[in-house]
Amino acid sequence: MSNVPVEMSAELQAVKNRLGLVGNAPALMEAVSRAMRVAPIDLSVLVIGESGTGKEFFPKIIHMGSARKHNKLIAVNCGAIPQGTIDSELFGHEKGAFTDAISSRKGYFEEADGGTIFLDEVAELPLTTQARLLRVLESGEFLKVGSSVVQKTNIRIVAATNVDLSKAVEEGRFREDLYYRLSTVLINVPPLRDRGGDIMLLARKFASDFAERYRMPAIAFSDSAASALVSYRWPGNVRQLKNVVEQVALFEAGTEVGRDELARYIPQGFGISTPALSSEGLHSYAQEREVLFNMIFRLQRELDAVRAEIAERTDHSATQVVDLPHAPSIEAAMPRSIVKYTAPKQFVVPAEARPATVDVSAMSGMTLEDTERETIRQSLDRNGGRRKATAKELNISERTLYRKIKEYGLE
Ligand SMILES: Nc1ncnc2c1ncn2[C@@H]1O[C@H](COP(=O)(O)OP(=O)(O)OP(=O)(O)O)[C@@H](O)[C@H]1O
Ligand SMILES: [Mg+2]
């Protein structure tokens with residue numbers, strides 16, 4: 001923590017605790033401390049860093065530490081709003097400004113007056129919106145769509161991006177003047193692979209959170225698993241680590257996980273193939289189905305054992321009230337992200353179905369929608385959740401990808 005002033009440490013710890021931000025890596029602490037130092041000064045801040053590094057903590061740190069903290073912090077995902085409506089979302093519109101504008105509406109810049117706006121994925125803003133934004137940043141002035149009345153607002157902007165904005169400027173996709181204006185203060189969130197011991201801190205935290213949330217026995221990591229986790233590249237950063245740990249915590253609940261078990265949950269493994277995983281691709285449906293079925297078998301066995309015990313106790317003492325811990329259904333036990341991430345719809349077996357009666361024919365008959373959803377899910381998976389790479393692989397625009405992710409609840 002060489003660059004973090006000592007007197008900042010207690011305050012920094014308090015911010016970390018409040019937001020649930022885990023880690024001690026010097027580069028991360030430097031970023032947090034920079035955000036805290038700039039918070040009270042009303043400058044625009046640009047947060048940069050690879051996808052999944054935790055950029056979304058920073059607008060909160062900045063807003064919390066500013067005089068604006070009692071006003072609103074509004075987060076806008078610029079990539080998720082259709083180009084046609086983004087100006088109206090941000091700046092509002094007058095009644096009749098366009099076909100659907102049946103009444104006038106306030107935009108976020110009016111809504112958050114006195115507060116902070118977080119412009120996430122800022123590189124996605126269309127050029128016309130960039131022009132409006134520049135005006136607001138320079139003069140505090142804006143026009144509602146369809147209006148010629150100049151309005152004033154007092155907003156601080158925190159923007160974030162995982163793309164190289166200077167390259168976007170070179171390619172004419174981002175205004176240079178806006179780039180300079182936004183990046184008055186730059187905060188660089190380091191990739192997970194450069195955070196050393198933080199990787200295990202995060203892995204253990206995600207594992208225990210998961211176990212607690214779904215009331216399942218926690219997993220532990222063997223030494224070999226821990227060193228594999230620490231030396232892996234983590235292209236999808238903390239988001240990917242969280243996804244991986246949640247899957248492992250679900251499918252390997254209550255066990256000590258070794259390097260080879262863990263490798264199954266990493267798209268390309270840890271770089272060495274193990275016999276069980278080599279032939280068919282490391283993350284194939286067949287394997288996923290197998291892990292899922294194994295888990296169902298295991299839960300089923302445990303449930304049977306509990307049932308037998310209850311039956312026995314009720315026989316011996318008719319009056320004893322057995323306070324059973326709530327036994328969640330298999331589906332309920334799976335967080336949505338995991339059901340979405342690893343188990344295609346056709347493999348999700350209803351909780352009450354005995355493994356022996358699983359209807360395999362139900363696994364065919366995917367609709368076109370299912371196929372599309374699966375294709376997107378797999379591609380996201382292969383690309384460690386990175387949307388840009390996924391869009392490229394699928395040959396669709398990022399905007400379309402966002403829409404699909406939203407539509408299918410793949411977030
Ligand atoms: N240091 C951390 N401690 C705890 N959780 C973290 C940390 N960093 C990231 N996360 C978690 O990882 C996930 C991804 O983080 P976040 O959404 O902030 O990524 P991002 O940098 O905005 O990525 P993208 O560029 O793809 O939008 C979130 O669930 C977040 O809570
Ligand atoms: Mg983000």
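**Exercise 1. Classify G84 as buried or exposed from its C-beta neighbours inside 10 Å, and place it in the predicted model.**

Solution.
Step 1. G84 has 9 C-beta neighbours inside 10 Å.
Step 2. A residue with 12 or fewer such neighbours is exposed, so G84 counts as exposed. The model examined here and below is a predicted one.
Step 3. G84 sits in helix α4, which covers residues 83–91.
Step 4. Along the chain, G84 and P126 are 42 residues apart, and their C-alpha atoms are separated by 9.5 Å.

**Exercise 2. Determine which residues of α4 are buried and what covers them.**

Solution.
Step 1. The buried residues in α4 are I86, D87, S88, L90 and F91.
Step 2. Their cover includes the strands β2 (73–77) and β4 (141–143), together with the helices α5 and α6 (127–139).
Step 3. An α-helix has 3.6 residues a turn, so residues three or four places apart point the same way.
Step 4. After α4 comes G92, with a positive phi near 85°.

**Exercise 3. Determine whether Y108 is buried or exposed, and list its contacts beyond four places in sequence.**

Solution.
Step 1. Y108 belongs to helix α5, residues 108–111.
Step 2. There are 21 other C-beta atoms within 10 Å of Y108; the threshold for burial is 20 or more, and Y108 is therefore buried.
Step 3. Once neighbours within four places in sequence are set aside, Y108 is in contact with I74, V76, E89, L90 and I117.
Step 4. A further C-alpha to C-alpha distance links Y108 to S88: 9.0 Å in space, for 20 residues in sequence. S88 is one of the buried residues of α4.

**Exercise 4. Test the span of helix α11 against the value expected at 1.5 Å a residue, and describe how far the helix is enclosed.**

Solution.
Step 1. Helix α11 has 15 residues, running over 237–251.
Step 2. The expected span is 1.5 Å times one less than the number of residues, which for α11 gives 21 Å.
Step 3. The end C-alpha atoms of α11 are 21 Å apart, in agreement with the expected span.
Step 4. Of the 15 residues of α11, 14 are buried, so the helix is largely enclosed by the rest of the structure.

**Exercise 5. Examine the backbone of W234 and N237, each of which has a positive phi.**

Solution.
Step 1. W234 is not a glycine, yet its phi is positive, at about 50°. The residue lies in the loop between α10 (223–231) and α11.
Step 2. W234 has 24 C-beta neighbours inside 10 Å and therefore counts as buried.
Step 3. N237 is likewise not a glycine and has a positive phi of about 55°. Its place is in helix α11.
Step 4. The count for N237 is 26 C-beta neighbours inside 10 Å, so N237 is buried.

**Exercise 6. Describe the shell around ligand 1 by its nearest residues, composition and domains.**

Solution.
Step 1. Sixteen residues would be tedious to list in full; of the 16 around ligand 1, those that come nearest are S51, G54, K55, E56 and V238.
Step 2. By residue class, the shell holds 4 nonpolar, 8 polar and 4 charged residues.
Step 3. Helix α11 gives the most to this shell, with 3 residues.
Step 4. Domain 1 (6–190) and domain 2 (195–317 + 325–365) each supply at least three residues to the shell.

**Exercise 7. Classify G258 and identify what it touches beyond four places in sequence.**

Solution.
Step 1. G258 is in the loop between β9 (256–257) and α12 (259–263).
Step 2. With 15 C-beta neighbours inside 10 Å, G258 is partly exposed.
Step 3. Residues up to four places away excluded, G258 touches S222, S224 and A225.
Step 4. For S224, which is 34 residues from G258 along the chain, the C-alpha separation is 6.1 Å.

**Exercise 8. Assess the confidence of the chain and state where pLDDT is under 50.**

Solution.
Step 1. The average pLDDT of the chain is 81, and 77% of the residues score at least 70.
Step 2. Among the elements, strand β1 (residues 45–48) has the highest mean pLDDT, 98, and helix α16 (residues 336–342) the lowest, 32.
Step 3. Over residues 272–286 the pLDDT stays under 50, and the model has 15 contacts beyond four places in sequence for them.
Step 4. Residues 316–365 also have pLDDT below 50, with 56 contacts in the model beyond near neighbours in sequence.

Definitions and conventions: Residues are numbered from 1 along each chain as its sequence is written. Chains are lettered from A and ligands numbered from 1 in the order in which they are written. This is a predicted model: local features need pLDDT of at least 70, side-chain atom pairs count only at pLDDT 80 or more; totals for chains, interfaces and linings use all residues. A residue is near a molecule or strand if its C-beta atom, placed from the backbone, lies within 6 Å of it. Helices (H or I, at least four residues) and strands (E, at least two) are DSSP runs, numbered from the N terminus. Ala, Val, Leu, Ile, Met, Phe, Trp, Tyr, Cys and Pro count as nonpolar, Asp, Glu, Lys and Arg as charged, and the others, Gly among them, as polar. Domain bounds come from an automatic or database domain assignment. pLDDT is the predictor's confidence in each residue, from 0 to 100. Two residues are in contact if their C-beta atoms, placed from the backbone, lie within 7 Å.
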